Each structure stands twice: as C-alpha cells, then as structure tokens.
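Reader: I should like to learn how the features of a two-chain model are to be read. Please give the general idea each time, and then the case at hand.

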Amino acid sequence: MNYPIWQVPAPGLVIALVSIAHVFISHFAVGGGLFLVLTERRARQRNDALLLAYVRRLSRFFLLLTLVFGAVTGVGIWFAIGLVHPQATSSLINTFVWGWAIEWTMFITEIVAAMVYYYGWDRLPARTHLTVGWIYFITAWGSLAVITGILTYMMTPGGWLTERSFWSGFLNETYLPSLVMRTFVCVGLAGVYALLAASWSGDPRLKSKVARYAGLGWVLPMAVVVPLSLIWYLAAAAGAGIPAAEILGADGTGLPAILKALFTADGTTGHPVAQRAALTTIVAATGVILMTLFLVARRRRNYGPIFTGLLTFLALVAMGGGEWMRADLRKPYVIGGFMFVNGVRLPPPAGAIRAPADIQVNDPYALDVLRRDGMLAHARWSQVQPAAEAAALEEPEARAEALFRTGRELFKLACTKCHTTDGYQGIRPLVAGRSTSGLQTILGHLARPVNREGRETGWDDPDLRLATWRGRRMPPFPGNQAEQYALAVYLSRLGGDDRAGFERQQAHGSPAAGPGSGREETP
Amino acid sequence: MNGFPLSPVPFPDPVPQPAPAWILWGLLVFTFMLHLLAMNFVVGGSVIGAVTARLGRRAGRPHHMALVRWLTDAMPIALAATITFGVAPLLFLQVLYGRLFFTSSVLMGWFWFAVVPLVMVAYYGTYLLAFKSASLGHWGSWIRWLTIFIFLVIGFIFANNMSLMLRPDLFRAIYADGGTAHGNFGDPTLWPRYLHLMLAAVAIGGMWVSGYGLICRPRRPEFGEWAMRYGARWFSGVTAVNLFMGFWFLFSLPGETMARFMGPVPVATFVLGLGIFAGMTTMTLMFLAANAPRPSPLVGCGIGGLLVTVVCMVLVRDQVRRGALATMNFEPVQWVEPQWFNIILFLVLLVAGTLTVVWMVRALVLAGRPGTEDGPVP
Ligand code: HEM
C-alpha cells in the first residue's frame, strides 16, 4: 500500500526461484571450500598426484560456479525482494544494514581468496596456497553465519520485537540450530559435488577413491545429522511460538509425528504448501541417501555423470523443499510478529521501545490504523472509489460494479502477494459457490490474536499467537467493514455469483456491525 | 475517486535509522566510486578491447594483440570487482533513499530485474573469452561484442533507475499505465546522463590502458610506452566529445537543480567547477602524452588529475540528487539510533579484510608467473 505493486502473478515465485538457486550454490560454496582445502592437504600429505590433479580441476569449476552463479544470484535476491516486498526489504535493511556491511567485508575477502586460490596453483608455495584456501572457507562460512542471523530473525525475531536492537534480533531462538543445520548441509553438498566431478573422470581408481572418501566421509554422515538438526530446529521454532506442528498437520514436532502427518495429510488442515514441501524434502533426501549407499556399495569404480547428476538433482530438490518449508513456516508473516506478507504491520507490542518523545513516528500501515481508516485511505497508489461510497450507490448495477472494482483493488492490495486468481494458490476455486455474507464471515476470521493458552487477546500482546482459519496461516483482513464487504462482493463474483452486490447490504453484514467485526482496538 | 491526496513518496518505516546519515552517505559515495572505477574498466576496457582486436588483425601489430590479451584475461576479475563494489552502495542507497529507490525499481519491474540474468550471461561470456579464446575462432569476436552490448544495456538500466528515483512526479503516471516493465524514457536527463557516463567509461578505460602501460614499462619498455600513448589517445579523444555530453546533461536538468551549480549552493558550484577544470587538464595532459616521446610523467599526472575529476563528478552527481530531493521536499528520517558497536565492528573487519586481500594478492604477484625463474614450480 505504501509502495506500488509489481503486478506479476505470484511474485513470491520469483523470489523462490532465485533464492533456491542461490541457497543451493552458496551452501555448496561453503562446503566446497572446506572440501577443496582438506582434499588438497590430504593429497599433498600422501603425495597423491591423482587426487591433487582432481582437486585442481575441481577448483576451476568451483570458481565458475560460485563466483559467477553464486554471487550474481545473491545480488538477484536483493533485486527480487526489493521488487516483491519493498516494505519488508526497507525494514530489513534499516535494521540490519551493518550486518550486511559486515557480510560484505567477508564477501570481498572470499572472492579474492577464491581467485588467488585458483590462479595460484602453479605460482604459490603449497603452504601459502592452503592458507588461501582456508581464508576462503572461513570467510565463506562467516558470510553464512551472518546471513543466517537475518534469515532466522525473519521467522523468529526474538527479543527484537520489544527491544528493537540488532543483536536481540540476530541471536534469536532459531539462530543456533539453523546455523548448525546449514553447516551440515554445506558439508553434505560438498560431498555430492565431489562425486559429480569425479563421475566425469575416466579413471576408475580416482572414482573409487572419491566414492569412498566423499560418499562415506562427507555425504552419508551428513545424511544422518541433518535430519537430527532439523528436529532441533523445529523444536526451537515451536518454542518461539511458530505452530510448526499445526502447519505440518502433525501432533508434535518429533520426527515420527511429522512423518506420520506428512504421509497421511489430506490438505484439510494446516498449510498444504508447507506439507508438500516437507514431504518433497524427505523423499528426496531419502533418495540421496539410498543412491549414495548404492554408489559406494555397488558402483564404486564406474559411476557416470547421469547417476551423479540425478543425485545432485535430488539434493537440490531436498534443499529447495526445505527452504520452501521454512518460508512457509514463517507465513503469514514476512517478518515474524512484525509485518505480514502484504506489508501490514502489527502495532508495537506493549512495552516496546519507542522513538524519543520529540520525534513523531506514525505508522499508517499498522493493522489497527488500517482497520480504523480503511486500507484505501492509505493506499498511495490506488485509484478506486472508497468502499463505503461504492456501497452507498443507489442504482444496483452501478453499485455492484463499483463494489466489484473496489474489491478487486483490495484483493490486489491485501492478497496478491500470495494468491493469484486462477494460477498458483488460485483464489477462484477457494471461493467458488460462496455467498457474499459467507465470505464476509470468513474474512472476519482469517486470523485472530490469541495468547499462548489460546485465549483471545489484543494484537499488541507481547506473547501474541495467531489462530488462523482452518490453520491456513493467513493474515487478518486489514481493512474496515465497508472494505470487507466490497472484497466479499468481488470474491463471490469470482466464485460465480453474478448477483453479488446487487442486493443492498443486509443488517447481517452492514458496515457498522457484522460478523468478524472484531475491531480489536489497541491502546 | 480519491484523487490521490497522498504524496507519491512512500512513508518511512517506523524503525530507527541505524547510523547518522553522514556515515551512510560517506560510505555510499566512497564505495560507489570504487564501483565506478571497476565498471569503467569493464565497459571501457571491453570496448577498447574489441576495437583493438580488430585493428590488431593486420600483420605486424603485436602490441595490439598483447593489450587485447591482457584486457581479456583481466575482464572476469574486473567484473567481479564491479559486482562486489556494486553491492555496497546498493546497501547504503537503500537505507538513505529506499523510499524512492524501491518505488522506481518496482515501477521498472522486469526491466530492472533483467540486470541479474544479463550480468550472469555477460560474466560467463568474459570467462569464455578469458579461458577459451583460442578455441572460439571467429565466435570470439561475436561474444566480445555481445558482452559489450550487454554491459551497455546494464548501464542503461541503471541510468533509468537512478534518474527515475529522482522523479516522483512521474511515478503515478507510470504506475497507471499498468504492465510489469517500464523505463524512464520520458525524462530529458536520461540520455545525456547515460551517454555522459558511458563515454566517461570508455575514456577511463583508456586511462586503465595507459596505467597498465606505465606498470609494464620497466620490464617491457616498448610495449609499455605504446600502451601509454594508445590509452592516452582513447582518453583524450573520447573526453573531448564527452565535454559536450556533460554540458548537455547540465542543461537538461530541471531549472532548480541546474541553478544549484550556478552559485547559490557553493559546494555544488565548486565541485562542478573543479571537476570541469580537472577534467580538461587531464584531457590536455593525456593529449600531450599521446604524442610524447616519453609519456610516463604525463600519464602519472594524468592519473592524478583523473582521480580528482572522478571525485568531483561523483559529488556533482550527488548534488544533482540533492537538488531533486530538495525539490520534492524529501524528509530525511528523524529517528536515528546508531548501532555504534556494529559500525566499529564493520570498520575493523573492513580493515582486516583489506589487509588479508593485500596479503593474498601480494603473495600471488611476488610468486611471479608460472615457469619463470622467480616463481616456484611444483
Ligand atoms: C556490468 C555491470 C554493471 C554496469 C555496467 C553498471 C553501471 C552502472 C552505471 C552506469 C551507474 C550509474 C547510473 C547513473 O547514475 O545514471 C551505476 C550505478 C550503480 N550501480 Fe552499477 N553497474 C553494473 C553492475 C552493478 C551491480 C551488479 C550492482 C549491485 C550489486 C550495481 C550497483 C550499483 C549501484 C548501487 C549504483 C548507484 C549508486 C548511487 O546512486 O549512489 N551495479 N552502475
């Protein structure tokens, strides 16, 4: 509402595509760095020319993949989030610019180290070359350690919500489990990559060496510890108020409960997208484990690029699913407890740090303000009739038409960050056949503020949880009553009711009082 | 219709700005300058490289080919530097002027996003040329021109966004137009701004060539002197044309902004005056260097003059932005709570990182080329 909307359908997919590519490459860039130095050291210690030549070839591909694809997709995430979520990006950059600046110092060092490592194979003494390799790995991991703080903050902002300080947001509840898990993932991916690279070689001795070394030493151990750290992570998230179990449709966050839920989920409760993503991850990760075992046990000397290519693809799918699930655990927030995906903010919790008294800080995009004034009063870029005016038109046809248009604009403002009309998370099938008044009721119940015990509370409760309609992880409707009605008219028209908006609004859903009118006022 | 009672400039976030504006601004200007110098190598170096490769096809021009080889080999590194030094100003720009920058980016949509795949394709192109040019045959020159074209397009996209973010008065009309990709084509400053920047890039690419000649001279005197003169010719010739572009840009600016340079804002007047003076001096020095029997001292002074010019011109560009911000009554954020600890941590790590980089590069340079007697051969 504050920023114009980039009107591509399901813009979140643009972010998802860029970031999954980036996450895959960047984790691999960290683990690969470790793999290169450790393997170079091993080859030099054992005077193993075969292995040394292999690491060396690996390093060129590594340079091309991480420096170019990794770095540019990283920049791509900036471009994508700025286009799709300008409101959230602006908030993040104001909070964490020094985190990113610190990461940037590591990024420079990392890039130079990668280049010097590559160009230095014939030029640097062995010890210096290894040191440069270590510098690469340490700075690459340092970048990961910084970015993880910001990423986990977006889901579990920790003490930041009230303290508004960098470190209370950075060192949040899921930071440590997430960093540990990501580090393990890096190591596992490096092993996958080593296998992929060895599969191009025609030398069975090298293949078998790498299969044992990378397959048994790098991939399989990680296949065990990554799921364990995932459980730790989910438990930490649940402790921080993320209804992880509910979202996955499970009874708890233990592995058996989650597995059971995922394999029996029918999509009627929880968040189906997250469930599908989690299931994909589990299936793909199992595939990675089985394929690696098979490779080590049966095909050690003659595995080819097709086999390892499939293995890499499965690893990518497993990771992509994991990232997708993480993004969905965060829903309906873009920044947990602070900002919803559509850019609407919660009022600051009771006791939060505020600006000094002489500085006036207004927030027209806070939920309470929008519910009071209506979204359109603050929608800088909208050019439609206010909902109340549209509803007051005398002539039924003109009224229905005006309500439809206003509703369509409201849909754009409040819903299109996630929903399309007919495509990804399409809304039409979801509203098919529903009446305007039924939809009004649903809109009033999308999300309600409850406390830890599940009792109704205010939006500024520092211990806020969301009770969402059928566990669907939706944000609350952020407009006034008239707007809720206009949106309901639009949606029921989409759902096939051509007469929506023709009848004058009944007392049932009148702008003054209606279902879901829970105008939770906050001080 | 509610007739837009609201300003087209978005509302600031209800979170504090994490540093005083002057620190963010200083870092923005400084890191942008680094970005500019690297970008000039990329744009100017590849234009000069392609032209030189053509000229060098005639027999008996080994210097041309040696220069092309160097430009080609260094290009991936220069591009990495351009990107890396581009990230930092992007951060600080978003903190200081995010309200304008995000808005203009969203309006540009796909056009803006296109930078990402374009950089990627061009990047692989430069690596292909650096690693495989022998086996590329005549495809090599196609790839060369393709990467140049892409660089010029990327620069154009940036010029669109940097000029559009200064025109909130255009935002509404562009948004009302619908669609998911737009440029700032209606703005009279767009073309002079862009052409001025790109010609400067080619000129400064020439200065990079002269600088390289200066470095090479002790070991390869003949090539070194040739490269200095050759680069000097590029610099002085292109800059002579670019002076006109600069004035075109100046006169295309909106009246109030242009007026800043004519006295009422002393800083603006000073940096523009000094910039023009330094630029013309540098041009003269390089013109002389292009024809001098011993160009080294002239090139050395020229590099100094150029650095003064670049600093001034970056500040002129900043004054253009300040003029636009003043016209639109852009309010800086009031609530500032500096994260001093993080700022210091950043500076410490920046120094540590720089020292590490220097150490690594020094080790590589001191080790010499493979196969020469001063480099170890494993
Ligand atoms: C080959 C690649 C690139 C070229 C040719 C290029 C060219 C340019 C040009 C011509 C400008 C000035 C535009 C104007 O003021 O009208 C500019 C500004 C800028 N560029 Fe780049 N750029 C490249 C890559 C990048 C990348 C990858 C990034 C970010 C990650 C970046 C970040 C920036 C920023 C932030 C500015 C504006 C700084 C300011 O306004 O203070 N550039 N670039």
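Author: The dialogue below goes from the chains to their interface, then to single residues and salt bridges.

Author: This is a predicted model, in which local features need pLDDT of at least 70 and side-chain atom pairs count only at pLDDT 80 or more, while totals for chains, interfaces and linings use all residues. Residues are numbered from 1 along each chain as its sequence is written, chains are lettered from A and ligands numbered from 1 in the order in which they are written, and side-chain values use heavy atoms, with hydrogens and water left out.

Reader: How many helices and strands does chain A have?

Author: Helices (H or I, at least four residues) and strands (E, at least two) are DSSP runs, numbered from the N terminus. Chain A comes to 18 helices and four strands. Chain B, by contrast, has twelve helices and zero strands.

Reader: What is the radius of gyration of chain A, and what would a compact globule have?

Author: The radius is taken over C-alpha atoms, and the globule rule is 2.2 Å times the number of residues to the power 0.38. For the 523 residues of chain A a compact globule would have a radius near 24 Å, and the 26 Å of chain A agrees with this. The C-alpha trace of chain A spans about 90 × 55 × 40 Å along its principal axes. Chain B has a radius of gyration of 22 Å, close to the 21 Å from the rule for 378 residues, so chain B is as compact as a globular protein of that length. Its C-alpha atoms fill a box of roughly 75 × 45 × 40 Å along the principal axes.

Reader: Which share of each chain counts as buried?

Author: Buried means under 20% relative accessible area, exposed means over 50%, and partly exposed lies in between (1.4 Å probe, protein chains only). In chain A, 62% of the 523 residues count as buried; in chain B, buried residues make up 56% of the 378.

Reader: What share of the contacts in each chain joins residues at least 24 apart in sequence?

Author: Contact means heavy atoms within 4.5 Å. Among contacts between residues at least 6 apart in sequence, 70% join residues at least 24 apart in chain A, and 80% do so in chain B.

Reader: How is the interface to be read, and how many residues of each chain take part?

Author: One begins with the residues in contact: 88 of chain A with 85 of chain B. Next comes the buried area, which is the accessible area (1.4 Å probe) that two parts lose on being put together, summed over both. Chains A and B bury about 7800 Å² between them, 75% of it on carbon and sulfur atoms.

Reader: How many residue pairs are in polar contact across the interface?

Author: A polar contact is a pair of N or O atoms within 3.5 Å; within protein, one must be able to donate a hydrogen and the other to accept it, and residues adjacent in sequence count only if both atoms are side-chain atoms. The rule finds 16 such residue pairs between chain A and chain B, both residues at pLDDT 80 or more. On the side of chain A that touches chain B, the largest share, 26 residues, comes from H3(A).

Reader: Where in chain A is Met115(A), and is this residue buried or exposed?

Author: Met115(A) is in helix H3 of chain A and is buried, with a relative accessible area of 8%. Not counting residues up to four places away in sequence, Met115(A) touches Leu63(A) and Leu67(A), as well as Pro76(B), Ile77(B), Ala80(B) and Tyr127(B). Thr95(A) also lies in helix H3 of chain A and is buried at 6%. Apart from neighbours within four places, Thr95(A) is in contact with Trp160(A), Phe166(A) and Gln339(B).

Reader: How many salt bridges does the structure hold, and which residues form the one across the interface?

Author: Side chains of opposite charge can pair when their charged atoms come close. A salt bridge here is a side-chain nitrogen of Lys or Arg within 4 Å of a carboxyl oxygen of Asp or Glu. The structure holds 23 over all chains, and the rule finds one across the interface of chain A and chain B. Asp13(B) forms a salt bridge with Arg345(A), with the closest N and O atoms 3.5 Å apart.

Reader: Which residues pair within a chain?

Author: Among them, Arg465(A) forms a salt bridge with Asp463(A), the closest N and O atoms being 3.2 Å apart. Arg465(A) counts as buried at 18% relative accessibility, whereas Asp463(A) is partly exposed at 24%. In chain B, the side chains of Arg167(B) and Asp169(B) meet at 2.8 Å, N to O, and Asp169(B) counts as exposed at 53%. Finally, Arg182(A), Glu323(A) and Arg326(A) are linked in a network of salt bridges.
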